[in-house]
Each structure stands twice: as C-alpha cells, then as structure tokens.
Amino acid sequence: MHRLIVFCFSFALLANVKSAFPPPCDSEIYCNGSILHQVQTAKLFDDDKYFVDMKLKAKPDDVLLAFHNLSSKSPHFIVPPAKLREFLGAYFEKPGTEFESWTPPDWHDKPKFLGRIADQKLRDWAGKIHNLWKPLGRKIRASVKDQPELYSQIYTPHPFVVPGGRFRELYYWDSYWVINGLLLSEMTDTAYGMIQNFLYLVNRYGFIPNGGRIYYERRSQPPFLTQMVESYYQATKDKDFLRVALPALEKEYRFWMQNRSMAVTINGTKHVLNRYHVQVGLPRPESYTDDLELVEGLTEDRKEQVWMDLKAGAESGWDFTSRWYIDGDGRNNGTLRDTRTSQILPTDLNALLCLNEKTLASFHRILGDGDSAASYDQAAARRQGAMESVLWDAERGAWFDYNMMMHSKHSEFYPSNLAPVWAQCYSRPEMAEKAVQYLKGSGALQFPNGVPTSLRESGQQWDYPNAWPPSQHMLISGLSKLPSEDAKQLAFDLAQ
C-alpha cells in the first residue's frame with residue numbers, strides 16, 4: 001500500500017561568503033524590461049506564464065528594436081492592447097513549440113506492482129495513474145539547444161515527465177515523486193534520464209533551478225536530487241552511476257551551505273541551519289501582475305523585499321502559505337504582503353538536508369571513501385544537534401520553524417513539523433513517539449481527505465483546506481518507519 005502511495009503522488013553566513021550564484025536571468029524579454037511589463041500589465045492572457053513561455057520568431061535584439069520602434073510611436077510609449085496583440089503575432093509563437101511528442105519507450109501496460117494490489121477498485125485506479133506517464137512525457141527539440149536565445153526553455157538532454165496543468169516543463173522537487181513512481185512502474189531508463197538532466201543542471205548552474213525556464217535561474221526548490229539518486233541506487237545497485245553522480249550531489253550541497261545557510265546563537269552556542277533565500281527584488285515573470293498588484297502602495301525598499309520573499313516562497317515549494325508570514329509585530333500572522341520566507345528557518349528543509357548528509361555519507365561508504373563518509377556523518381550530527389537546540393519543542397513534542405526576526409519558534413500546526421520523523425533525524429526514539437502524540441492532539445487528523453497543509457484558512461493554496469501530496473507522503477512514510485504499532489496503523493489510515 002505504501003509504495004502505491006509513493007507512486008500516486010507523482011505529479012551563510014552570508015556576509016562572509018562570496019555568492020556562488022550565476023548572473024540573474026538578464027533577458028529583456030522573458031525576465032525584465034518593457035515588453036514583459038507592457039504585455040503582462042495589458043492582461044492579454046488569463047495566465048502570466050503564457051507569455052513568458054512563448055518562443056521568439058526572430059533574434060532578441062531584432063524583437064527589442066521592433067518593440068522600441070512600435071512604442072516610440074505610441075503616447076507615453078504605452079502600446080495599446082490591439083497593437084500589442086499584432087506585435088506578439090508577428091514576433092512570437094504559442095507556448096509548447098519547444099517540445100516534440102514523445103512516449104516513454106520503457107512504458108508497458110502490466111507493471112508488477114499492479115498485480116500486488118488486491119482491491120480491484122484501487123488496482124483500476126493505479127492503472128489509470130500508470131497510464132498518465134504517456135501524456136506527461138516531454139522531449140525538448142534540438143532547436144532549443146541550437147538557438148537557446150529564442151526560448152525561455154532551458155535545454156536538458158534527456159526526455160522527462162512534467163507535473164501537468166500549467167507546468168509544461170521540468171520541475172525540481174515534484175520530480176522526486178515522479179522518479180519514485182517511474183521506478184515502481186519499472187521505467188528505469190526514463191528515471192535515469194531525468195536524474196541525468198538534474199546532474200546536467202547542477203554542472204551548468206551550481207544548483208538546480210526551480211524549473212526548466214530561464215526566469216527560474218536564480219531560485220531552486222527543496223534539494224531532493226540526492227534522494228532521487230538514492231531511490232535509483234536502491235532500485236538498480238549501480239555503483240558506477242553513483243560514482244559519476246556524486247561530484248554533482250556534493251556541488252549542490254555546497255551551494256546550499258554557502259548561499260542558503262544562517263547562524264543562530266541559542267544559549268551561547270552558535271548553530272548553522274538552512275533557509276530559502278532569493279536575492280532578486282523584481283516581480284516573478286510568470287506571476288508578474290499578481291506580484292505588482294500585491295505591493296501597491298508600499299515603499300520601493302519594501303516592494304523589493306516582498307518580491308524577494310515571494311521568490312523564496314516559490315523556492316520552498318510551498319507557494320504560498322501563512323507559514324511564511326511575519327507581520328509588523330513579528331508574529332506568524334498577516335497576509336501575503338507579510339511573506340518573509342527568508343527570515344524563517346524551516347523544519348522540513350533542514351530535515352531534508354540532514355537526510356542528504358546521511359545519504360552522502362552512505363554513498364561515500366559504498367564507494368570505499370571512509371574519510372568523506374565520516375565528514376558527512378559529522379555534518380548530519382551537527383545539524384541534528386542544531387535542529388534539537390533551535391527547532392525542537394520538548395513540551396509540545398514536535399519541531400517548529402524558527403523566526404529569526406523574533407528569535408522564537410512559530411507554534412502553528414504544519415505537517416512539516418514532523419519532517420524530522422520522515423528524515424529519521426532525531427537523537428532519541430521518544431522524540432518520534434512524542435511527535436505522534438503531538439499529531440494526534442493537533443486536530444489535523446479529523447479530516448476525511450488527509451492531513452491539511454495547515455489549519456489556517458488564509459486563501460493561499462498551501463493552507464487549509466488543501467492537502468498536498470509531498471507533505472502527505474513524508475508524513476505517511478515517516479510514521480510507517482516507526483516501531484510502534486500505533487504509528488504504523490496511523491500511517492495506514494492516512495494512506496487509505
């Protein structure tokens with residue numbers, strides 16, 4: 001049952017560290033500039049993402065010159081909507097032309113896992129989900145590699161599976177669950193290709209962008225690549241693959257430690273933990289008008305801060321949620337304008353990095369490098385200690401996000417408060433048992449369709465009443481690993 005659930009969910013200390021960032025996306029069409037501003041604010045499309053996914057029919061300089069000539073004939077340089085439409089028709093193609101149709105060649109209609117599902121209705125349902133691999137497969141055309149300046153699409157060499165909906169391209173953290181699903185469907189080659197794409201992106205950027213578009217080039221997402229490689233290794237035991245992948249995994253880990261870490265002093269002891277942090281104070285190109293409207297009436301400095309923290313919220317994968325709010329009084333409260341993601345040390349990010357440190361240690365051990373293994377073991381032990389000093393609340397029996405502005409923990413319920421149980425990153429067994437009791441007393445188990453992402457109805461999609469697959473899986477998987485029958489039963493009930 002549990003493996004079926006995995007499958008079904010497919011869809012620095014900064015002052016002293018020189019930034020390892022690539023330059024920001026400098027496209028005056030897709031990332032900033034007058035064309036982007038005028039097209040998006042004219043609201044020609046229902047979704048701002050539509051325009052920034054369109055392909056150019058001519059070189060960027062030619063398009064910019066044509067737009068300059070057009071706008072210079074318009075009052076106040078503002079091109080009327082009808083003329084904008086004509087301009088787009090002349091110089092842009094619809095989104096989607098960057099892909100060619102592709103069906104995963106390793107797909108077959110009777111993977112073994114289907115035969116292991118006793119309940120006929122569940123088996124039929126799982127079969128329908130297994131069929132989704134075909135329509136969600138994508139292959140990037142060679143022209144994207146040959147003429148990258150005509151596209152917002154980032155080229156990657158292997159075909160992949162997309163989350164679907166408005167998301168036409170590769171996305172980072174979603175792909176962890178996609179890859180687990182592919183492995184369950186015995187589609188090892190497709191899973192391998194997706195991992196190779198991520199290794200390619202790390203080698204190109206030093207980290208993995210949020211998704212496969214140039215407008216995502218300055219933000220990442222929860223760093224799941226090491227766990228993708230772990231899933232693949234467990235399925236294949238391919239040591240050569242591990243040896244080739246490991247340098248990129250370490251490069252990504254260094255990026256997070258150099259660009260996304262923060263020191264906190266608790267009771268005289270300094271601890272280093274990680275956060276989401278994106279230093280680009282502009283609206284997100286794919287949500288341009290939403291971001292502009294949100295900051296109306298704010299000072300320029302405050303606008304930039306909100307835009308940076310919205311991008312950090314997008315980097316977290318939880319976009320958006322009251323979890324990232326810090327209001328004027330420093331409390332975990334407010335509205336979307338109070339998003340201060342970069343001022344919060346998140347429990348689940350640190351649990352994931354702790355798991356990555358332990359996994360990197362195990363990879364080095366498998367490959368015979370005991371010294372490197374020991375250094376990652378020490379990093380995991382340091383982080384575990386930091387999480388227990390900064391995030392753990394012994395009284396309430398869970399880990400809570402830390403507000404760096406107020407030097408205090410947030411107290412709201414989020415499934416992420418149990419992420420260290422999933423990562424098995426805690427020092428004493430009774431901590432996990434306490435966390436089970438915390439979950440039972442939280443009020444989050446009283447809903448028929450899973451544990452909600454929060455208990456606060458803010459109107460944001462990562463809040464009540466929504467229950468998102470990654471948090472469901474991490475919760476169910478964490479509970480199912482515990483020795484107590486009580487926890488295992490709870491995991492089964494949540495899975496059902």
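These legends walk through several close-up views of a predicted model. Because the model is predicted, local features need pLDDT of at least 70 and side-chain atom pairs count only at pLDDT 80 or more, while totals for chains, interfaces and linings use all residues. Residues are numbered from 1 along each chain as its sequence is written, and side-chain values use heavy atoms, with hydrogens and water left out.

**View 1. A hairpin made by strands S6 and S7.** Here S6 (residues 261-266) and S7 (residues 269-274) pair up in the antiparallel sense over 6 bridges. Strands, like helices, are DSSP runs numbered from the N terminus (helices are H or I with at least four residues, strands E with at least two), and two strands pair if DSSP finds at least two bridges between them. Look for Thr-265, whose bridge partner in S7 is Lys-270. There are 2 residues between the strands, and Asn-267 in the turn has a positive phi of about 50°.

**View 2. The largest nonpolar core.** A nonpolar core is a set of buried Ala, Val, Leu, Ile, Met, Phe, Trp, Tyr and Cys residues joined through side-chain atoms within 4.5 Å. Buried means under 20% relative accessible area, exposed over 50%, and partly exposed in between (1.4 Å probe, protein chains only). This core has 135 residues, and Phe-51 and Leu-225 touch the most other members. A second, separate core of 9 residues includes Leu-294, Leu-298, Val-306 and Tyr-325. Back at Leu-225, contacts (heavy atoms within 4.5 Å) beyond four places in sequence include Tyr-172, Phe-198, Leu-249 and Glu-252.

**View 3. Helices H18 and H20 crossing.** The axes of H18 (residues 429-441) and H20 (residues 485-495) come within 10 Å and cross at roughly 45°. Axes are lines fitted to C-alpha atoms, for helices over the stretch in contact, and angles run from 0 to 180 degrees between N-to-C directions. The two helices are therefore oblique to each other; angles under 35 degrees count as roughly parallel, over 145 as roughly antiparallel, 65 to 115 as roughly perpendicular and the rest as oblique. Where they meet, Val-436, Gln-437, Leu-439 and Lys-440 in H18 face up to Asp-486, Ala-487 and Leu-490 in H20.

**View 4. Thr-321, tucked into a loop.** You'll find Thr-321 between helix H14 (300-316) and strand S8 (344-345). Thr-321 is buried, with a relative accessible area of 0%. Setting aside neighbours within four places in sequence, Thr-321 is in contact with Tyr-414, Gln-460, Trp-462 and Asp-463. Leu-336 sits 15 residues away in sequence and 7.8 Å away in space, C-alpha to C-alpha.

**View 5. Helix H2 and the helices it packs against.** In H2 (residues 34-41), the buried residues are Ile-35, Leu-36, Gln-38, Val-39 and Gln-40. They pack against helices H3 (48-52), H4 (60-72), H5 (81-91) and H13 (288-294). Just after H2 comes Lys-43, with a positive phi near 50°.

**View 6. Two open sheets of 3 strands.** One has the order S3-S4-S5, with antiparallel pairing. Its edge strands, S3 (99-100) and S5 (160-161), each pair on one side only. Gly-137 has Val-161 in S5 as its bridge partner. The other runs S8-S11-S12, also with antiparallel pairing. S8 and S12 (408-409) each have a single partner strand, so one side of each is left without a neighbour in the sheet. Between S8 and S11 (residues 402-403) there are 2 bridges, and Ile-344 has Asn-403 as its bridge partner.
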